[in-house]
Amino acid sequence: MAHRYILTLDIGTSSTKTALWNEDGRIVAQDSYVYSLSRPNPLWAEIDANIWWQAVCSTSAKVIDRADINPHDIAGIGIDGLGWTLIPVDRQVYPLSPAIIWLDRRAGEETRWLNALPNAPQLVNLAANPIDSAYITPKLLWLKHHQPEIFTSTYQFLSVSGFIVARLTGEFTCDYTQAYGYHFFDMAHERWDAQVAEQIGVSLEKMPPLYPCMTIAGQVTATAAAETGLVAGIPVIVGCLDAASGALGAGVTRLQQTNEQGGQAGGMAVSLDHVVVEPDLIFSHHVLPRQYLLQAGTTGGGSLGWFRDLLTQADSTVAKIPFEQLGQQVEQTPAGAHGVIFIPYMAGERTPLWNSNARGVFFGLSYSTMRGDLLRAIMEGCAFAVYDNLRLAEEHGITITECLGSGGATRSDTWCQIKADIYNKPFTVARLADGGEGGHLLGLFALTACAVGLTDQVGGCVERLLPNRRTFEPSAERHAMYEELFQVYRRVSRHVLEDFDELAGISQKYELGR
């Protein structure tokens with residue numbers, strides 16, 4: 001009997017990661033494709049969506065070749081992609097303009113217009129999300145106002161995963177997890193709201209049909225097969241938001257479980273069975289039926305890498321030090337970093353502040369401050385940023401009993417313990433049998449395997465494939481100290497917001513920014 005395989009495609013902000021899995025849930029080959037964003041204006045962040053298709057074609061062909069398998073044995077394909085991204089395409093699924101991604105802040109005027117509408121609170125309640133430039137709705141209006149010919153000629157507005165699905169199958173789709181970027185998406189009833197769309201000025205004829213993520217969108221076409229090394233007829237699921245598949249792959253399979261993300265874009269996602277409207281946080285469907293994700297997104301995850309690179313200029317011996325060894329240096333500094341607090345807003349801050357002018361701050365420096373103090377302060381500051389959001393979620397009566405860690409930060413035991421102590425929750429890192437991280441690709445494997453009948457249950461599949469669990473228990477004594485430091489962190493971070501806005505104006509006036 002021939003083996004059956006699953007192909008998973010994770011389309012991220014800076015790279016595409018592709019893996020070929022056997023039916024037992026083991027990766028037999030993987031590849032990645034790195035790309036860069038275009039920033040023609042300081043507020044813009046875009047990319048030619050064709051680059052994502054090139055990444056899919058390249059990595060798919062390579063994993064098939066490396067695994068030395070017959071592509072006829074691939075039973076299904078699963079796709080996830082970054083969210084809050086606008087891709088206008090024609091009937092042949094060719095992009096009509098660069099994709100405007102989640103980091104883009106160009107639609108400030110449109111955001112202000114939306115927030116000034118008399119029924120703006122109703123839009124927030126409908127979509128269960130704030131109106132901010134990062135979301136797709138303001139970007140749609142920006143396109144309509146500034147590139148009306150493209151807006152008018154667009155056949156469909158697609159998400160990142162929807163774009164790849166359409167290139168593979170010719171079918172236009174949007175899944176529930178990606179729809180949260182639109183403020184005419186009715187979160188509770190899983191449908192486009194025609195009345196709100198008309199008020200905003202968007203024809204629903206330009207919007208793809210909505211589906212659950214495990215729905216089979218279609219099969220690989222002959223054209224797509226020729227470009228990717230696949231064969232025609234392979235089922236392709238509708239796919240999902242990368243944060244949702246990542247939460248699943250970290251082990252969030254049951255209600256009230258929480259994924260803590262320790263990557264370049266940090267944050268958290270807690271699984272709920274009901275809609276929560278909190279304008280300072282983010283809300284979406286989970287990939288599992290009848291589950292939602294209350295999410296937070298922070299920007300400070302790259303701070304430790306930034307600091308390491310900065311140190312390299314003065315001391316070349318730190319150039320290749322991995323994060324786990326940096327953690328060993330941190331262990332020499334006591335909790336609290338000798339009174340140094342780091343505000344990790346290195347690229348503005350998303351939740352709960354929604355301020356793109358915010359920047360990083362070291363607070364409490366002295367002549368006695370050492371390298372280890374700064375390293376620990378960075379780790380603690382990034383955890384404080386997530387804790388800021390966890391506390392807000394708990395104010396809504398949400399019970400968080402355990403955090404399931406994911407991302408590069410989980411490679412540092414020290415950082416994991418810091419998070420357990422600050423959150424005052426057990427912090428668990430669940431890994432694959434080979435010690436690798438589950439993440440987006442595992443989540444996609446489980447979803448796709450279930451959709452094509454290779455497994456009966458998504459949650460059970462993920463739990464079976466994450467047998468190695470290590471839990472860091474919180475210290476009540478250290479948490480009490482961290483709680484006092486957090487109060488200082490929170491006051492400082494709010495106090496300087498107006499100063500950040502003023503500084504941004506001065507920097508723009510005199511061209512001081514980089």
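In the predicted model, strand 20 (341–343) and helix 12 each contribute at least two residues to the lining of the second largest cavity. Helix 12 provides the largest share of this lining, four residues. The lining consists of Gly336, Val340, Ile341, Phe342, Ala377, Glu380, Gly381, Phe384 and Leu485, of which six are nonpolar, two polar and one charged. The space enclosed amounts to about 30 Å³. Phe384, one of these lining residues, lies in helix 12 (residues 371–395) and is buried, because its relative accessibility is 2%, under the 20% limit. The C-alpha atoms of Phe384 and Ile422 are 7.2 Å apart, although the two residues are separated by 38 positions in sequence.

Two cavities of 30 Å³ or more were found in the whole structure. The largest cavity holds about 110 Å³ and is lined by 17 residues, with Gln261, Gly262, Gly266, Gly301 and Cys382 nearest its centre. Strand 16 (258–261), helix 12 and helix 13 (413–423) each supply at least two lining residues; the largest share, four residues, again comes from helix 12. By class, eight residues of this lining are nonpolar, seven polar and two charged.

Among the pockets, the second largest has a volume of about 180 Å³. Its lining comprises 16 residues, those closest to the centre being Tyr176, Pro212, His286, Leu288 and Pro289. Nine of the lining residues are nonpolar, four polar and three charged.

On the surface, Trp306, Leu310 and Met346 form a nonpolar patch of about 240 Å². Trp306 belongs to helix 10 (residues 303–312) and is partly exposed, with a relative accessible area of 34%.

Technical notes:
Residues are numbered from 1 along each chain as its sequence is written. This is a predicted model: local features need pLDDT of at least 70, side-chain atom pairs count only at pLDDT 80 or more; totals for chains, interfaces and linings use all residues. Side-chain values use heavy atoms; hydrogens and water are left out. On a 1 Å grid over the protein atoms alone, a cavity is a set of points where a 1.4 Å probe fits but cannot get out, and a pocket is an open set with protein on both sides within 12 Å along at least five of seven lines; lining residues have an atom within 4 Å of a point. Grid points are joined across faces, edges and corners, and a volume is the space filled by probe spheres set on the points. Ala, Val, Leu, Ile, Met, Phe, Trp, Tyr, Cys and Pro count as nonpolar, Asp, Glu, Lys and Arg as charged, and the others, Gly among them, as polar. Patches are made of residues with over 30% relative accessible area and no salt bridge: like charges are joined within 9 Å, nonpolar side chains (Val, Leu, Ile, Met, Phe, Trp, Tyr) within 5 Å. Accessible areas come from the Shrake-Rupley method with a 1.4 Å probe; for residues, only the protein chains shown count as cover. A salt bridge is a side-chain nitrogen of Lys or Arg within 4 Å of a carboxyl oxygen of Asp or Glu. Buried means under 20% relative accessible area, exposed over 50%, partly exposed in between (1.4 Å probe, protein chains only).
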